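Here are a few exercises on secondary structure and packing. Try each one on the structure before you read its solution.

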Amino acid sequence: MQNTEASQAARTVVSPRPAQVNANPVGDLFKDAFDKAKKADAGTIGGILGGILGGPAGAGLGGAIGGAIGDAIQASKDKAKLQETKDVLKNSPTGAAAVKYLEDKKIPVEFADGGGSYWDGSKIVIDRSQDPQEAALTLVHEINHAKATMDGPRADINTQSRADYVQTLLDEETRGTVDSIKAKNELVANGDKVTATFPLEAEYNAASSKAITDAKAKDPSLSETQLREIGDKAGYAAVLDGFKTGKVVTSTNGQNYPDYYGQGWDKAHP
């Protein structure tokens, strides 16, 4: 899931689309060269090596080595960015719990250029264009998808009816979105300056605030825990409604979520 833009007239792209990822780890063979070439691009490195080696074979080998070193440099940058992304969430109980689950389950996280952010069933991929705050809120959302796969409740296209399958997936999207919004709200409440936004954030906060205000007016004796539960329930309903009514749409083809998931079920049941 990605962050929202106010100018998108309430139709925000939320669901990511898969993309191929090709990143190589830092290998011992290239560690010294990597340390010396952190600020050089792969093309520069390859050109230097090709010139030293000479000839077509040298050019080919230089390009291959330069590409490997470039991959190593990018892998190092991604590792640092992932840590920075996790660090953003330290002051959020919701975010910290999500990171703990990620680490306890040893769920891989990769960054990719374009293609959105998504859980593919075995790893989380985050769009490299996102800054650490945006990536942090996205990470919380995608961890929820991973949790659904590993722990449930999980949609089953083979055994569930069309309506139940779609509803299970809408609830999964909603839970992940609510967790990301809560994480941001907790960070702000704890004094962090968070400029990143998340789809349906305004709808969640407005519904939650109104429900709490109305409940207080009706019954001043309600505890803070009771009021929070009332607000959470109203916020959840507002986010779910956003998915159902098309305030957020898939990034793959711009469909609303009920149609997107429903068509997936239809293809499995011709």
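**Exercise 1.** Work out how many bridges join β2 to β4, and which way the two strands run.

*Solution.* Start with the pair itself: four bridges link β2 to strand β4 (residues 124–127), and the two run parallel. Strands here are DSSP runs of E, at least two residues long, while helices are runs of H or I of at least four, and both are numbered from the N terminus. Two strands pair if DSSP finds at least two bridges between them. For one bridge, take Glu110: its partner in β4 is Val125. Now zoom out to the open sheet, which has three strands in the order β2-β4-β3, with mixed pairing. Its edges are β2 (109–112) and β3 (118–119), each paired on one side only.

A word on the ground rules: this is a predicted model, where local features need pLDDT of at least 70, side-chain atom pairs count only at pLDDT 80 or more, and totals for chains, interfaces and linings use all residues. Residues are numbered from 1 along each chain as its sequence is written, and side-chain values use heavy atoms, with hydrogens and water left out.

**Exercise 2.** Find out how the axes of α7 and α8 cross, and what makes the contact.

*Solution.* First the geometry: the axes of α7 (residues 201–218) and α8 (residues 224–245) come within 7 Å and cross at roughly 140 degrees. Axes are lines fitted to C-alpha atoms over the stretch in contact, and angles run from 0 to 180 degrees between N-to-C directions. The two helices α7 and α8 are therefore oblique to each other (under 35 degrees is roughly parallel, over 145 roughly antiparallel, 65 to 115 roughly perpendicular, the rest oblique). Next, the residues in contact (heavy atoms within 4.5 Å): α7 brings, among them, Tyr204, Ala207 and Ala211, and α8 brings residues including Leu227, Ile230 and Gly231. Sorted by type, the contact residues come out as eleven nonpolar, three polar and three charged (Ala, Val, Leu, Ile, Met, Phe, Trp, Tyr, Cys and Pro count as nonpolar, Asp, Glu, Lys and Arg as charged, and the others, Gly among them, as polar).

**Exercise 3.** Check the span of α6, then look at what comes before and after this helix.

*Solution.* Helix α6 (residues 162–189) has 28 residues, so at 1.5 Å a residue it should span 40 Å, and its end C-alpha atoms are indeed 40 Å apart. The expected span is 1.5 Å times one less than the number of residues. After α6 comes Gly191, with a positive phi near 95 degrees. Pro153 sits in the loop between α5 (132–151) and α6, and the peptide bond from Gly152 to Pro153 is cis, with omega near -5 degrees.
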